[in-house]
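Reader: I've just opened this one and don't know where to begin. Could you walk me through it, feature by feature?
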Amino acid sequence: MSLVSYMEDNAGNLLFLAEQHIELVLISVAFSAVIGIGLALLTQSAPGVRQALLSLTGSLLTIPSFALFALMIPVLGLGVAPTVAALTVYGIFPILRNTVTGIEEVDPAVVEAARGLGMGSGQRMRTVVLPLAWPVILNGIRTATIMLVATAAIGAIVRGPGLGQLIFRGLERIGGANALEEALSGVIGVVLVALVLDLLFIVIAKITALRGLNV
Amino acid sequence: MSDSPSPDAMIFLDEVSKQYSGQDAAAVSELSLEIKRGEFVVLVGPSGCGKTTTLRMINRLVEPTHGRIFIDGKDVTHADVDDLRRGIGYVIQQIGLLPHLTIADNIALVPKMLGMKKSGRRQRAKELLEMVGLDPSTYADRYPRQLSGGQQQRVGVARALAADPPVMLMDEPFGAVDPIAREKLQMEFLRLQERIRKTIVMVTHDIDEALRLGDRIAIFGPGSRLAQFDTPLEILSNPADDFVRDFVGSGAPVRRLSLLKVSDVIAALPPETPGGANAVAIDAGESVHRALELVLGSRAEGIEVSVPGEGSRYLGLQTLLTAAAQPAKVLS
């Protein structure tokens with residue numbers, strides 16, 4: 001059986017798993033974003049702590065994903081929970097780093113003027129700093145998302161949802177009937193999901209773009 | 001801390017000091033300064049003399065380590081900073097317009113913080129654009145990056161004036177625009193000030209700008225010493241010490257000419273009989289500089305000034321030159 005006809009025959013299941021995969025990634029990225037942006041804001045006046053957090057979350061990325069998923073088992077068992085937890089951990093660093101960079105790149109004169117006009121620190125953050133840093137922050141979220149699409153496939157080793165299941169099941173019984181087709185369709189699915197999500201972010205960036213910045 | 005401000009003082013700094021931690025010398029030490037209502041005061045001096053720190057202590061962007069600050073008779077040393085700043089216009093060299101807001105929204109920032117309704121804010125923004133010489137129908141809905149540097153600085157001034165604050169602080173406001181646009185902006189700003197009569201404190205390092213704009217000039221020496229605080233004419237005529245003399249630089253007699261009015265000269269001198277028929281007519285409000293320019297340009301021998309109630313007065317070239325060389329005599 002050829003790969004194409006295999007995929008045609010299993011279209012329903014493939015679509016279901018792709019949907020699961022997208023959901024898994026978006027939920028994890030949402031957690032990462034809340035934590036990453038939150039940490040950047042909380043450490044606004046503590047540059048030392050901020051630097052330490054960047055190093056810590058950066059070094060978490062060097063843990064092989066296979067190992068991190070396995071390490072979650074004693075704490076969270078199998079299934080969705082450990083997968084989301086591990087993915088969230090991976091997603092924090094790019095978002096935290098880009099939020100910090102985005103905030104630092106805001107023109108200090110604009111912030112100074114806002115301060116001189118009597119804008120309090122919270123309001124300055126909301127109406128000046130975050131809107132101007134947003135394109136950079138969004139790029140961090142996008143990077144995290146694409147990264148997690150690939151990593152999420154490994155989540156299948158802890159019985160996580162998504163296209164990883166096809167890859168692992170296929171590889172386990174390699175040599176058997178349609179084993180290679182199953183694994184390959186999982187890989188192709190992951191690539192397509194990455195493309196779709198990347199497109200999604202291009203659209204979000206367009207929609208949320210600030211007027212007045214590119215004139 | 002002893003004094004309290006006199007009734008006509010709008011800004012009063014009472015022995016304020018700023019000592020940054022980790023630095024030996026104070027950025028500003030025990031400075032007292034009284035600025036009257038409606039007065040345009042320019043702080044000038046070499047870099048590091050504390051003029052900008054002094055300016056920024058007035059709206060407490062820099063918190064003084066010692067001393068008290070009074071605005072309009074009230075001690076604001078410990079008042080709520082955001083409330084204080086909303087009542088003081090603030091213009092900086094880099095302008096700092098919010099690039100993602102329209103010109104109208106930028107101007108309306110402070111009125112918005114003060115709770116003004118949207119329609120009122122827009123109306124106010126349009127009035128202010130007109131006041132600074134920008135057509136509201138063209139510029140209200142543009143973004144800052146669509147404007148030239150000079151136009152942006154006008155918007156910066158409009159934004160500072162939006163809530164009609166009695167006091168304006170300006171930190172080298174014309175420093176970033178090119179020399180030709182700068183002179184134009186300065187003159188426009190002077191005309192605007194004649195109408196709105198705000199109490200203005202401006203920082204510059206350019207003594208010529210200070211002489212051109214200030215009602216009074218505070219010259220800061222090294223170590224935040226207030227070397228002289230006086231009118232431009234007094235500073236040019238009677239510099240307090242060698243530092244002031246050096247800082248003002250050469251050519252003081254010539255620069256003084258543009259500060260001295262023809263009417264000042266007339267008031268100080270006994271009537272003079274016309275020396276020749278060859279005199280140029282000039283308004284009493286013109287500067288001696290302009291008068292000399294006209295006389296020399298048309299090879300005349302003097303000027304003819306019409307004085308209300310006295311008919312016309314004649315001043316010879318020699319008289320004008322003497323007056324220019326000895327303004328103290330003319331003014332006393």
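Reader: Let's start with the sheet in chain B. In what order do its 6 strands run?

Author: One thing up front: this is a predicted model. Now, the general idea: strands of a sheet pair through backbone hydrogen bonds, either parallel or antiparallel. Here the order is S6-S7-S8-S3-S9-S10 in chain B, the sheet is open, and the pairing is mixed.

Reader: Which strands stand at the edges?

Author: Those are S6 (88–92) and S10 (225–230) of chain B. Each has a single partner strand, so one side of each has no neighbour in the sheet. As for twist, neighbouring strands of this sheet are turned by 15° against each other on average, direction ignored.

Reader: Can you show me one pair? In which sense do S3 and S8 of chain B pair?

Author: Parallel: S3 (residues 40–44) and S8 (residues 199–204) of chain B pair that way over 5 bridges. To find the spot on screen, look for B:Phe40, which stands opposite B:Ile200 in S8(B).

Reader: And which helix lies across S6 and S7 of chain B?

Author: That's H7 of chain B, residues 149–161. H7(B) runs at about 165° to S6(B).

Reader: Over to chain A. How many helices and strands does it have?

Author: Chain A comes to 9 helices and 0 strands. Its C-alpha atoms fill a box of roughly 70 × 40 × 20 Å along the principal axes. Of its 215 residues, 39% count as buried.

Reader: How do I tell a straight helix from a bent one?

Author: Compare the end-to-end distance with what 1.5 Å a residue would give. H9 of chain A (residues 179–208) has 30 residues and reaches 44 Å from first C-alpha to last, close to the 44 Å expected. H7 of chain A (residues 121–154) has 34 residues, yet its end C-alpha atoms are only 43 Å apart, short of the 50 Å a straight helix would reach.

Reader: Where does H7(A) bend?

Author: At A:Trp134, by about 55°. A proline, A:Pro135, follows within four residues.

Reader: Which residues of H9(A) are buried?

Author: A handy idea first: an α-helix has 3.6 residues a turn, so residues three or four places apart point the same way. In H9(A), the buried ones are A:Glu181, A:Glu182, A:Ser185, A:Gly186, A:Gly189, A:Val190 and A:Val193. They pack against H1 (3–9), H2 (11–42), H7 and H8 (164–172) of chain A.

Reader: What about A:Asn214: buried or exposed?

Author: A:Asn214 lies in the segment after H9 of chain A. It counts as exposed because it has 8 C-beta neighbours inside 10 Å.

Reader: At what angle do H6 and H7 of chain A pack?

Author: About 145°, with their axes 10 Å apart; H6(A) here is residues 108–116. The crossing of H6(A) past H7(A) is right-handed. On the H6(A) side you'll find A:Val110, A:Val111, A:Ala114 and A:Arg115, which meet A:Arg124, A:Val128 and A:Val129 in H7(A).

Reader: Last one: how many residues does each chain bring to the contact?

Author: In general, the size of an interface is often given as the accessible area lost when the parts come together. Counting residues instead, the contact takes 21 from chain B and 18 from chain A. On the chain B side, the elements giving two or more residues are H2 (81–86), S6 and H4 (109–113). H2(B) gives the most there, with 4 residues.

Key:
Residues are numbered from 1 along each chain as its sequence is written. Chains are lettered from A and ligands numbered from 1 in the order in which they are written. This is a predicted model: local features need pLDDT of at least 70, side-chain atom pairs count only at pLDDT 80 or more; totals for chains, interfaces and linings use all residues. The expected span of a helix is 1.5 Å times one less than its number of residues. The bend at a residue is the angle between axes fitted to the seven residues ending there and the seven starting there. Two strands pair if DSSP finds at least two bridges between them. Axes are lines fitted to C-alpha atoms, for helices over the stretch in contact, and angles run from 0 to 180 degrees between N-to-C directions. Two residues are in contact if their C-beta atoms, placed from the backbone, lie within 7 Å. A residue is buried if 20 or more other C-beta atoms lie within 10 Å of its own, exposed if 12 or fewer, and partly exposed in between; C-beta atoms are placed from the backbone. A crossing is left-handed if the near helix is turned anticlockwise from the far one by less than a right angle, and right-handed if clockwise.
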